[in-house]
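Work through the exercises below with the sequence and the model open side by side. Each task is followed by a solution in steps.

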Amino acid sequence: MPLSEGTEVKPATDRPAWKALQAHYETIHGLHLRELFAGDAERGDRLHVEALGLYLDYSKNRITSETLQLLLQLAEESGLRTRMEAMFRGEKINITENRSVLHVALRAPRGASIVVDGVDVVPQVHAVLDKMEQLSKRIRGGDWKGHTGKLIRNVINIGIGGSDLGPVMAYEALRHYSQRDMSFRFVSNVDGTDFAEAVRDLEPAETLFIVSSKTFTTLETMTNAHTAREWSLAGLGGDEKSIAAHFVAVSTNAKEVAKFGIDTANMFEFWDWVGGRYSMDSAIGLSTMIAIGAENFRAMLDGFHQMDEHFRQTPWERNLPVLLGLLTVWYTDFFGAQSTAILPYEQYLKRFPAYLQQLTMESNGKHVTLNGAHVASLTSPVYWGEPGTNGQHSFYQLLHQGTCMIPCDFIAFGQPLNALGRHHDILLANVMAQTQALAFGKTAEEVQAEGTPAWLVPHRVFEGNRPSNTILAERLTPETLGKLIALYEHSVFTQGVVWNIDSFDQWGVELGKVLAQRIVPEMESKEEPKLSHDSSTNNLIRRCRMLKGA
């Protein structure tokens with residue numbers, strides 16, 4: 001729905017704090033982090049925040065006290081408090097789809113109240129969680145049997161986008177806590193290889209599929225689901241009744257679920273006030289709950305909720321998501337940084353950067369403001385990354401000596417989940433060494449003092465002045481994972497409010513999907529199709545048909 005008539009939506013660039021930040025940038029952008037630390041012996045002690053067991057060191061950022069105050073002023077002028085409270089109240093802040101934005105309700109404690117269209121949704125959320133727990137216990141405990149009476153040993157989640165990235169990230173992150181006599185796999189790509197490799201060594205009689213699709217019509221998901229159905233039937237003698245023992249659904253379309261052969265008693269609901277990329281703590285997380293158990297899943301939800309309340313109640317200057325979000329705005333719009341690296345020094349978080357790609361770029365990759373005007377500033381940077389220390393032997397070269405500035409978030413834990421000799425001390429030493437090297441670099445004088453030949457000196461100089469945040473926690477637990485995910489969710493929200501965009505729609509994913517539906521029958525046609533696309537697309541269709549022997 002459009003904004004209320006008479007509502008004034010001032011461009012971010014017209015706000016006094018934004019203009020002050022532009023002037024401020026001109027005076028400090030040449031300052032080096034070496035100077036900032038040399039001029040303030042207590043900088044590292046001052047510029048950190050500790051809350052909920054997370055320690056954020058943001059001292060290695062190219063900011064001064066004035067920068068921080070102006071950024072906090074920008075948050076106030078952008079109406080962050082008003083927008084945040086509107087979200088928590090269930091107002092329809094997703095204006096292009098006229099929807100509430102209530103992922104925070106998914107982790108609200110039992111007994112809380114959040115009303116949408118006159119209905120308290122928290123009891124609905126907990127009813128689904130309780131139903132998930134019942135199924136999870138049956139499968140984990142061996143009470144759920146396959147069609148032939150065998151135990152379920154393999155669980156395959158079929159989804160795409162938020163119905164895949166969240167569950168696979170959470171499973172990998174919490175694999176340490178998973179039931180190890182079961183395997184968990186994830187199919188998302190419509191490329192047949194994804195499905196073929198997922199089931200290659202599995203027995204249909206021991207395999208349960210979770211089909212995650214709100215409408216039960218998503219092309220990629222349902223293509224994979226029907227292939228799974230055929231594979232399962234082929235291994236179970238073709239008995240249609242077997243489908244109910246080997247498939248469950250996360251959906252709202254009971255008619256299509258029943259048509260597929262799934263017992264609607266095993267259909268788990270979620271709601272249109274939850275965007276896909278914010279849904280991993282809903283029924284979309286069913287595979288996660290089966291893997292780690294209901295107790296651990298609820299601990300993760302508690303971590304989410306703790307961060308929700310921190311975001312809602314903590315003053316901006318000590319608010320973890322607000323600080324991260326404002327720093328992203330600072331680098332994106334004033335330094336022109338076009339990407340951010342997420343660098344978890346924890347192998348279990350290997351899919352965390354990929355998860356954040358959708359969370360951040362689908363949310364804030366927008367070119368118009370809430371009132372439809374073209375944005376006057378850059379919006380979301382590209383998020384990317386890999387676990388340390390692997391990345392140090394590949395793309396860190398660019399981080400240290402490349403021509404573009406890439407802000408980095410380092411994530412690490414004081415205690416390992418798998419203690420092996422010196423491994424963890426070496427891992428943590430690398431975290432601290434990398435942030436130090438990025439910040440302070442190595443001057444030509446320091447390189448020369450090492451006896452380096454003059455011709456080689458320029459190649460061995462590190463400019464430094466590359467900003468980073470370091471996030472430390474004691475240990476990667478389900479609760480800690482919930483806090484980390486919510487930290488970035490609310491950081492994304494903060495950025496979107498400052499940029500005055502709708503962070504909760506995703507129209508950018510629609511056009512290609514619509515065009516693909518038009519091209520599919522042209523690819524499958526036995527006769528030469530009459531094509532009416534542009535000349536490039538027409539030629540590509542003809543070439544692909546030729547390559548497949550059509």
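A salt bridge is counted when a side-chain nitrogen of Lys or Arg lies within 4 Å of a carboxyl oxygen of Asp or Glu. The model is a predicted one.

**Exercise 1. Salt bridges**

Task: Decide whether Arg-466 and Glu-463 meet the salt-bridge rule, and state whether each residue is buried or exposed.

Solution.
Step 1. The N to O distance between the side chains of Arg-466 and Glu-463 is 3.4 Å. The cut-off is 4 Å, so the pair counts as a salt bridge.
Step 2. Buried means under 20% relative accessible area, and exposed means over 50%.
Step 3. Arg-466 has a relative accessible area of 5%, so Arg-466 is buried. Glu-463 has 55%, so Glu-463 is exposed.

Task: Find what Arg-277 pairs with, and where the two partners lie in the chain.

Solution.
Step 1. The partner of Arg-277 is Glu-362, and their closest N and O atoms are 2.9 Å apart.
Step 2. Arg-277 sits in the loop between β9 (267–268) and α12 (286–292), while Glu-362 belongs to helix α15 (residues 352–364). The two are 85 residues apart, and the pair links distant parts of the chain.
Step 3. The relative accessible area of Arg-277 is 2%, which means that Arg-277 is buried.

Task: Explain why the salt bridge of Lys-366 and Asp-505 ties together separate parts of the sequence.

Solution.
Step 1. The closest N and O atoms of Lys-366 and Asp-505 are 2.8 Å apart, in a salt bridge.
Step 2. Lys-366 is in the loop between α15 and β11 (382–384), and Asp-505 is in the loop between α20 and α21 (510–524); the pair therefore ties together parts that are 139 residues apart in sequence.
Step 3. Lys-366 and Asp-505 are both buried.

Task: Give the total count of salt bridges, and name the members of a network.

Solution.
Step 1. The rule gives 25 salt bridges.
Step 2. Salt bridges link Arg-110, Asp-130, Glu-133, Lys-137 and Arg-298 in a network.

**Exercise 2. The parallel sheet**

Task: Work out the strand order of the open sheet and identify its edges.

Solution.
Step 1. The sheet has 5 strands, ordered β6-β5-β7-β8-β9, with parallel pairing.
Step 2. An edge strand pairs on one side only, and the edge strands here are β6 (183–187) and β9.
Step 3. At one edge, β5 and β6 are paired in the parallel sense over 5 bridges, with Ile-156 opposite Arg-185 in β6.
Step 4. At the other edge, strand β8 (residues 247–250) pairs with β9 in the parallel sense over 2 bridges. Here Ala-249 has Met-267 of β9 as its bridge partner.

Task: Which residues of β5 point one way, and which the other way?

Solution.
Step 1. Strand β5 covers residues 154–158, and 5 of its 5 residues are buried.
Step 2. Asn-154, Ile-156 and Ile-158 point one way, and Val-155 and Asn-157 point the other way. Residues on both sides of β5 are buried.

**Exercise 3. A helix**

Task: Compare the span of α13 with the expected value, and list some of its buried residues.

Solution.
Step 1. Helix α13 (residues 294–313) has 20 residues.
Step 2. From first C-alpha to last, α13 reaches 28 Å, close to the 28 Å expected at 1.5 Å a residue.
Step 3. The buried residues of α13 include Phe-297, Met-300, Phe-304, His-305, Asp-308 and Phe-311.

**Exercise 4. Cavities and the largest pocket**

Task: Describe the largest cavity by volume and lining.

Solution.
Step 1. There are 3 cavities of 30 Å³ or more in the structure, and the largest has a volume of about 130 Å³.
Step 2. The lining of this largest cavity has 16 residues, with Leu-324, Thr-328, Thr-340, Asp-409 and Asn-469 nearest its centre.
Step 3. By class, the lining has 8 nonpolar, 7 polar and 1 charged residues. Helix α14 gives the most, with 4 residues.

Task: Describe the largest pocket in the same terms.

Solution.
Step 1. The largest pocket holds about 1,100 Å³ of space.
Step 2. Its lining has 40 residues, and Thr-218, Gln-506, Val-509, Glu-510 and Lys-513 are the closest to its centre.
Step 3. The class counts for the largest pocket are 13 nonpolar, 18 polar and 9 charged residues. Helix α21 gives the most to this lining, with 5 residues.

Conventions:
Residues numbered from 1 in each chain as written. Predicted model: local features only at pLDDT ≥ 70, side-chain atom pairs only at ≥ 80, totals over all residues. Heavy atoms only, no water. 1 Å grid on protein atoms, 1.4 Å probe; cavity = no way out; pocket = protein on both sides within 12 Å on 5 of 7 lines; lining within 4 Å. Points joined across faces, edges and corners; volume = space filled by probe spheres on them. Nonpolar A, V, L, I, M, F, W, Y, C, P; charged D, E, K, R; others polar. Expected span 1.5 Å × (residues − 1). Buried < 20%, exposed > 50% of the residue type's maximum accessible area, 1.4 Å probe, protein only. Pairing = 2+ DSSP bridges.
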